[in-house]
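Q: Please take a close look at one part of this model, the place where the ligand sits. What surrounds the ligand there, and what lines the space around it?

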Amino acid sequence: MAVQRTFSIIKPDATRRNLTGKINALLEAGGLRIVAQKRIWMTKGQAEAFYGVHKERPFFGSLVAFMTSGPVVVQVLEGEDAVAKNREIMGATNPANAAEGTIRKTFAESIEANSAHGSDSIENAAIEIAYFFSGLEIVG
Ligand code: ADP
Ligand code: MG
């Protein structure tokens, strides 16, 4: 397995409860290095574009409202097999189905307010990283 980069978001339900450090600790304990990180408040347009793949889904409007309801922490994570590793550390989308010890099992409030985002492929990771970060902001 090669060293990869993936894109991560600590979602508004988690920043609201001051969980950034606890989530970062799980990412780091899982072997991922936070090579870029910033706290932002997404606009409606930014959230709609970021989640454009889901625009036909019934939860799209609610998801955009949630993702713009407070600040988020956007991150680039680096490590061996980082895309799959981050998905493993996050756990299943629905916290009811997430494994013990995962971010979502431990912290998520609901299937929507599920505390973290992680890219689902190397290709999407590259697109998502480039959407939020310039190369100069990523320090490996
Ligand atoms: P994941 O974040 O695990 O990759 P998806 O890409 O399928 O999951 O969905 C993106 C986000 O949309 C989820 O993380 C969650 O916040 C929200 N979401 C997904 N499914 C639902 C649902 N059935 N109801 C409400 N929100 C949902
Ligand atoms: Mg997804």
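A: **The ligand site**

In this predicted model, an oxygen atom of ligand 1 lies 3.0 Å from an N or O atom in the side chain of His54. Two further side chains come into polar contact with the ligand through its oxygen atoms: an N or O atom of the Arg87 side chain is 2.9 Å from an oxygen of ligand 1, and for the side chain of Thr93 the corresponding distance is 2.5 Å. Taken alone, ligand 1 would expose 530 Å², and the protein buries 80% of that area.

His54, Arg87 and Thr93 belong to a shell around ligand 1 that also includes Lys11, Tyr51, Phe59, Leu63, Arg104, Ile111, Glu112 and Asn114. Sorted by class, this shell holds four nonpolar, three polar and four charged residues.

The space that ligand 1 takes is the largest pocket, which contains about 630 Å³ of space. Its lining is made up of 24 residues, and those that lie nearest the centre of the pocket are Tyr51, Val53, His54, Leu63 and His117. By class, the lining of this pocket comprises nine nonpolar, eight polar and seven charged residues.

As for where the lining comes from, helix H3 (44–50), strand S4 (116–118) and helix H7 (122–132) each supply at least two of its residues, and H7, with four residues, provides the largest share. His54 therefore appears twice in this picture, as a side chain in polar contact with the ligand, given the cut-off of 3.5 Å, and as one of the residues nearest the centre of the largest pocket.

Notes
Residues numbered from 1 in each chain as written. Chains lettered and ligands numbered in written order. Predicted model: local features only at pLDDT ≥ 70, side-chain atom pairs only at ≥ 80, totals over all residues. Heavy atoms only, no water. Near = heavy atom within 4 Å. Polar contact = N/O pair within 3.5 Å; in protein donor to acceptor, adjacent residues only side chain to side chain. Areas by Shrake-Rupley, 256 points an atom, 1.4 Å probe, with all protein chains shown as cover. 1 Å grid on protein atoms, 1.4 Å probe; cavity = no way out; pocket = protein on both sides within 12 Å on 5 of 7 lines; lining within 4 Å. Sits in = over half its atoms within 2 Å of the grid points. Nonpolar A, V, L, I, M, F, W, Y, C, P; charged D, E, K, R; others polar. Points joined across faces, edges and corners; volume = space filled by probe spheres on them.
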